[in-house]
Amino acid sequence: MKLPLSNRLLTCCQFVHPGDRVADIGCDHGYLGIYLLKNGIASSVIASDVNESPLHSAVINAHKFGVQDQISFHLSDGLRNVPRDFDCLVCAGMGADTMISILEAAPWIRNPKYRLVLQCQSKRPELRKYLSAAGFSISRETLAKDGKFIYPVMEVSYAPGGTLAPWEYYITPQLLEDNSPLLPEFLARVIRGLEESAMGLSREGGEKYEAMSEILRHLQTLKGANP
């Protein structure tokens, strides 16, 4: 029986180290944790969700694939009711506001012993800005495509001291270093979105317009280097 796992979740799995104890926050159907166990990647999985219905589905799926003894299930708003004995946290399919609120409500996660794998659906520059300000450092970042959408997936850990320039909230040095085949298309999409926003600000000018124009100049330089 094949697991119906999307490309973006498969990409998240690639960031998990062999033998990791994984916490899947917002586990939904539970397929990510099941995949990690069925393929001998994770040693155990903590699966949590804020809603009972998806968590119940995850329990059923774990039994269906025979990994129920290696997964513990927790009804939890973010990390509030989740055990802390894990190595790698995976948080996928949420917007930046939700991810930020989860991390803010769990100050204990600011510890170098934890690795966080984050796949954010919206407001990614805001998430990267928050992570930088909160002392988290991006160690790796890549891209995954599902249908017409391209999703960044990043690995971060707590390592205060690093900073990002404003344009790096949109395209990080780690994303450039990864050099995914999807990078030129993703960069073009980011630039197109910013150009539309800048057009709306151009009538008034001011600091916001100047700041966005500066970001665009840097990203267009990157585009020239990644045709």
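Let's start with Asn61. Leaving aside neighbours within four places in sequence, Asn61 is in contact with His29, Tyr31 and Ile34. Keep in mind that this is a predicted model. Asn61 sits in helix 3, which covers residues 52-64. Is Asn61 buried or exposed? At 7% relative accessibility, Asn61 counts as buried.

Two of those partners, Tyr31 and Ile34, are on the list of buried residues of helix 2. So let me turn to that helix. Helix 2 runs from 31 to 38. How many of its residues are buried? The count is 6 of 8, so helix 2 is largely enclosed by the rest of the structure. The buried ones are Tyr31, Leu32, Gly33, Ile34, Leu36 and Leu37.

What covers them? The cover includes two helices, helix 1 (7-13) and helix 3. It also includes strand 1, strand 2 (42-49), strand 3 (71-75) and strand 4 (88-94). Just past the end of helix 2 comes Gly40, with a positive phi of about 65°.

Now step back to the other side of helix 2. The loop between strand 1 (20-25) and helix 2 holds Asp28. Asp28 is not a glycine, yet its phi is positive, near 55°. Most residues other than glycine have a negative phi. As for exposure, Asp28 is partly exposed, at 39% relative accessibility.

There is a second residue of this kind. Lys123 is not a glycine either, and its phi is positive, about 50°. Where is Lys123? Look in the loop between strand 5 (115-120) and helix 5. Lys123 is partly exposed too, with a relative accessibility of 43%.

That brings us to helix 5, residues 124-134. Here 8 of the 11 residues are buried, so helix 5 is largely enclosed by the rest of the structure. The buried set is Arg124, Pro125, Leu127, Arg128, Tyr130, Leu131, Ser132 and Ala134. Just after the helix, Gly135 has a positive phi of about 95°.

Helix 5 has a packing partner. That is helix 4, residues 96-104. The two axes lie 9 Å apart, at an angle of about 20°. An angle under 35 degrees counts as roughly parallel, so helix 4 is roughly parallel to helix 5. Which hand does the crossing have? The crossing of helix 4 and helix 5 is right-handed.

Who meets whom? From helix 4 come Ala96, Met99, Ile100, Leu103 and Glu104. From helix 5 come Glu126, Leu127, Tyr130 and Leu131. By class, that contact has 7 nonpolar residues, 2 charged and no polar ones. Note that Leu127, Tyr130 and Leu131 also appear among the buried residues of helix 5.

Next, the cysteines. A disulfide is a covalent bond between the sulfur atoms of two cysteines. To be counted here, the two sulfur atoms must be within 2.5 Å. How many disulfides does that rule give? The count is 0.

Take Cys27. Its nearest cysteine sulfur belongs to Cys91, 11 Å away. Because the cut-off is 2.5 Å, Cys27 is in no disulfide. Cys27 is buried, with a relative accessible area of 4%.

Then Cys88. The nearest cysteine sulfur is that of Cys12, at 9.3 Å, and Cys88 is in no disulfide. Buried or exposed? Cys88 counts as buried, at 0% relative accessibility.

Last stop, Gln68. You will find Gln68 in the loop between helix 3 and strand 3. Gln68 is partly exposed, with a relative accessible area of 26%. Not counting residues up to four places away in sequence, Gln68 touches Ala62 and His63. Compare two distances from Gln68, both C-alpha to C-alpha. Ala58 is 10 residues away in sequence and 9.6 Å away in space. Lys208 is 140 residues away in sequence and 52 Å away in space.

And where is Lys208? Lys208 is in helix 8, residues 206-225. Its relative accessible area is 67%, so Lys208 is exposed.

Terms used
Residues are numbered from 1 along each chain as its sequence is written. This is a predicted model: local features need pLDDT of at least 70, side-chain atom pairs count only at pLDDT 80 or more; totals for chains, interfaces and linings use all residues. Side-chain values use heavy atoms; hydrogens and water are left out. Axes are lines fitted to C-alpha atoms, for helices over the stretch in contact, and angles run from 0 to 180 degrees between N-to-C directions. Helices (H or I, at least four residues) and strands (E, at least two) are DSSP runs, numbered from the N terminus. Angles under 35 degrees count as roughly parallel, over 145 as roughly antiparallel, 65 to 115 as roughly perpendicular and the rest as oblique. A crossing is left-handed if the near helix is turned anticlockwise from the far one by less than a right angle, and right-handed if clockwise. Contact means heavy atoms within 4.5 Å. Ala, Val, Leu, Ile, Met, Phe, Trp, Tyr, Cys and Pro count as nonpolar, Asp, Glu, Lys and Arg as charged, and the others, Gly among them, as polar. Buried means under 20% relative accessible area, exposed over 50%, partly exposed in between (1.4 Å probe, protein chains only).
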